[in-house]
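Please open the structure in your viewer and keep a selection tool at hand. The tour moves from one selection to the next and says what is found at each stop.

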Amino acid sequence: MMQRLLLLAFSALTAMYSEAQPITAGQHTRVETVYGPIEGYQDGRVFTFKGIRYAKAERFMPPQAPDRFSELRQCKVYGPQAPQNESLRWNDQNSQTDYGFGNQFVTEPMDEQNCLVLNVWTPGLGNQKQRPVFVWIHGGGYTGGSCHDLPCYEGRALSDAGDIVVVSLNHRLNVLGYADLTGLGGKYAQSVNLGMQDIVKALEWVRDNIDRFGGNPAEVTIAGQSGGGGKVSTLLAMPSAKGLFKRAIVQSGSTLRQALPEKTRPFGIALAQELGQPATAEADFSKYTYEELNYAVTRLAQRGIRSGFSPVVDGTILPQHPFEPASPVSKDVPMLIGTDFNEFTFDISKDMTWAEAEAAVRQRQGDKADQYVAAFKKAYPKAEPKEMTYVDTGFRAGAVRQAAAKAAQGGAPAYLYLFTWKPESNALGASHGMELPFMLHNVSLQREMTGASPAAYKFEKLISSIWLSFIKTGNPNVKGLPKWEPYNEETGVTMILDNQCEPRQHHDRELMEMSRSIW
């Protein structure tokens with residue numbers, strides 16, 4: 001309870017200080033959802049609702065519609081996040097890679113029974129005006145994270161700037177959300193891809209309720225970064241998700257393939273046996289705490305039985321790999337796909353001469369070093385020497401392959417980008433997630449990440465306008481941006497997103513080929 005009170009106080013204070021406007025609540029901030037009445041608060045012109053339950057679920061069972069209620073529910077505080085290892089949450093360590101994961105001020109409680117919640121930000125209530133809807137799916141792989149584990153995930157600013165409805169959500173993770181128990185049979189026949197089934201349930205809630213929050217259920221864009229991008233990629237191949245969204249954005253998370261049941265079902269059977277349960281539908285997992293389940297997972301891993309928690313191509317919920325080839329489920333869904341120049345680089349502050357950079361490459365590439373250096377210089381002729389040692393080729397290659405698969409389908413277009421903007425104050429450069437505060441219009445909430453310089457705020461306007469244009473039209477072209485053509489195999493257009501944006505054609509193809517072993 002104390003954590004929830006602190007969260008409410010922190011949310012209110014942050015909004016008041018940032019806008020110098022009072023937060024109000026009452027009859028004018030109430031909405032009658034399909035399931036019952038809720039009350040949020042108004043912050044400036046944006047109405048905010050947090051911790052709305054969109055589903056309920058028994059352990060290892062598919063999600064169901066939430067219970068109906070008649071008493072007014074207060075939805076002013078972020079709901080609980082899904083249980084996850086403490087090591088995946090903010091741990092108070094001074095790390096160059098910490099952008100504020102877990103929120104330094106207070107971390108949401110973990111609650112298995114009540115983690116299926118979502119948040120809504122909207123400039124207006126009722127169905128007089130139906131706005132485009134942006135549904136944000138958090139990263140953290142398939143094992144950790146939440147819809148509030150980065151300060152910039154706050155949806156208020158983007159909703160206000162773009163006159164759109166923003167939604168974010170939590171869902172089950174790790175063993176609770178991605179263990180495959182279908183090998184036990186019976187009641188566990190659908191106990192696979194549970195985290196993905198949760199997200200579909202959240203999208204169904206949006207379909208059935210968002211018009212009451214001023215949103216258009218026929219104009220929904222789903223988006224996610226890192227693990228969230230993997231979830232978006234997977235949703236694009238799920239029949240149950242068809243028709244629940246119109247557009248999709250994948251940021252540093254392009255996923256072409258998912259796990260196969262012959263690899264995942266043995267784990268579910270082994271988990272039951274490790275807990276002393278029968279390896280049949282009679283297995284009962286309800287009496288164990290999350291910590292006990294997690295400890296069993298650890299013991300199995302020590303014996304070489306690894307879960308690899310992720311979505312599974314089970315043949316029903318996920319009938320095929322998402323993008324090998326691109327699924328017909330999403331043929332008509334336009335996509336925005338991209339990555340960051342550095343991704344997982346840990347320190348780019350040290351300057352190098354070309355000789356030093358080439359020596360570092362030679363250690364990794366051996367007799368192919370000269371070819372690699374030539375390919376890098378061709379791809380990035382204006383780059384500094386040190387940039388050759390930390391350019392990402394793994395995430396980038398996946399994004400190119402996903403865009404190519406989408407283009408080969410002959411349906412809706414895919415637009416490909418490479419985010420190369422680097423804040424002067426950050427030793428990580430254009431690293432994993434650097435675009436987040438810009439596209440979410442929240443540079444001010446992630447100052448330690450962006451540097452909060454005048455250049456950063458100027459760039460924020462451009463990047464958020466690109467995302468908003470795609471959310472509203474399925475086309476990212478905006479004023480001030482060179483013409484951005486959809487990706488196709490012939491031209492291979494990638495838009496470089498930086499202070500000077502530039503479309504380039506297959507500019508790094510040779511570099512990608514040199515790095516094939518990485519991806």
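## Stop one: a loop residue and its contacts

Select Leu-256 and display the residues around it: leaving out those up to four places away in sequence, Leu-256 touches His-321, Pro-322, Phe-323, Glu-324, Gly-398, Arg-401 and Gln-402. Bear in mind throughout that this is a predicted model. Leu-256 belongs to the loop that runs between strand E11 (247-251) and helix H6 (261-274), and with a relative accessible area of 11% it is buried, the cut-off for that term being under 20%.

From Glu-324, one of the residues that Leu-256 touches, step along the backbone to Pro-325, where the peptide bond from Glu-324 to Pro-325 is cis, with omega near -5 degrees. Pro-325 itself sits in the loop between helix H7 (290-302) and strand E12 (335-340).

Continue to Glu-343, in the loop between E12 and helix H8 (354-365). Although Glu-343 is not a glycine, its phi is positive, at about 55 degrees, and the residue is buried, with a relative accessible area of 1%.

## Stop two: strand E9 and its partners

Before leaving Leu-256 altogether, draw a C-alpha to C-alpha distance from Leu-256 to Ser-168: the two are 88 residues apart in sequence and 24 Å apart in space. Ser-168 brings you to strand E9 (residues 165-169), in which five of the five residues are buried, so the strand is largely enclosed by the rest of the structure. In a regular strand the side chains alternate between the two faces of the sheet. Here Val-165, Val-167 and Leu-169 point one way from E9, whereas Val-166 and Ser-168 point the other way, and all of them are buried.

Which strands should be selected beside E9? One is strand E7 (residues 117-122), which pairs with E9 in the antiparallel sense over four bridges, and within that pairing Val-120 stands opposite Val-167 in E9. Another is strand E8 (residues 131-137), joined to E9 by five bridges and running parallel to it, with Phe-134 standing opposite Val-166 in E9.

## Stop three: from E7 to E5 and its hairpin

Keep E7 displayed and add E5, since E5 and E7 also pair in the antiparallel sense, over five bridges, with Arg-53 standing opposite Val-117 in E7. Seven of the eight residues of strand E5 (residues 46-53) are buried, so E5 too is largely enclosed by the rest of the structure.

Now follow E5 back to strand E4 (residues 41-43), which three bridges join to E5 in an antiparallel run; the bridge partner of Asp-43 in E5 is Val-46. E4 and E5 form a hairpin with two residues between them, and Gly-44 in the turn has a positive phi of about 70 degrees.

A separate selection to make is the open sheet of three strands, in the order E2-E3-E6 and with mixed pairing. Its edge strands, each pairing on one side only, are strand E2 (30-32) and strand E6 (73-74). E2 and strand E3 (residues 37-39) run antiparallel and are joined by three bridges, with Glu-32 opposite Pro-37 in E3.

## Stop four: Phe-60 and the nonpolar cores

In the loop between E5 and E6, select Phe-60. Phe-60 is not a glycine, yet its phi is positive, at about 65 degrees, and with a relative accessible area of 2% the residue is buried.

Which residues have the most contacts inside the largest nonpolar core? They are Phe-60, Val-120, Val-175, Trp-205, Leu-235, Phe-245 and Phe-285, in a core of 89 residues. Helix H4 (residues 194-209) supplies the largest share of this core, eight residues. Apart from this core lies another, of 61 residues, including Val-391, Tyr-417, Ala-456 and Cys-501.

Centre next on Phe-285, which, leaving aside neighbours within four places in sequence, is in contact with Arg-59, Phe-60, Leu-181, Leu-184, Tyr-188, Leu-271, Ala-272, Leu-275 and Leu-293.

## Last stop: the cavity

A search of the whole structure finds one cavity of 30 Å³ or more, and about 40 Å³ of space lies in the largest cavity. To see where it is, select its lining, Ala-55, Lys-56, Ala-57, Glu-112, Gln-113, Leu-116 and Arg-172, which divides into three nonpolar, one polar and three charged residues.

Conventions
Residues are numbered from 1 along each chain as its sequence is written. This is a predicted model: local features need pLDDT of at least 70, side-chain atom pairs count only at pLDDT 80 or more; totals for chains, interfaces and linings use all residues. Side-chain values use heavy atoms; hydrogens and water are left out. A nonpolar core is a set of buried Ala, Val, Leu, Ile, Met, Phe, Trp, Tyr and Cys residues joined through side-chain atoms within 4.5 Å. Buried means under 20% relative accessible area, exposed over 50%, partly exposed in between (1.4 Å probe, protein chains only). Contact means heavy atoms within 4.5 Å. Two strands pair if DSSP finds at least two bridges between them. On a 1 Å grid over the protein atoms alone, a cavity is a set of points where a 1.4 Å probe fits but cannot get out, and a pocket is an open set with protein on both sides within 12 Å along at least five of seven lines; lining residues have an atom within 4 Å of a point. Grid points are joined across faces, edges and corners, and a volume is the space filled by probe spheres set on the points. Ala, Val, Leu, Ile, Met, Phe, Trp, Tyr, Cys and Pro count as nonpolar, Asp, Glu, Lys and Arg as charged, and the others, Gly among them, as polar.
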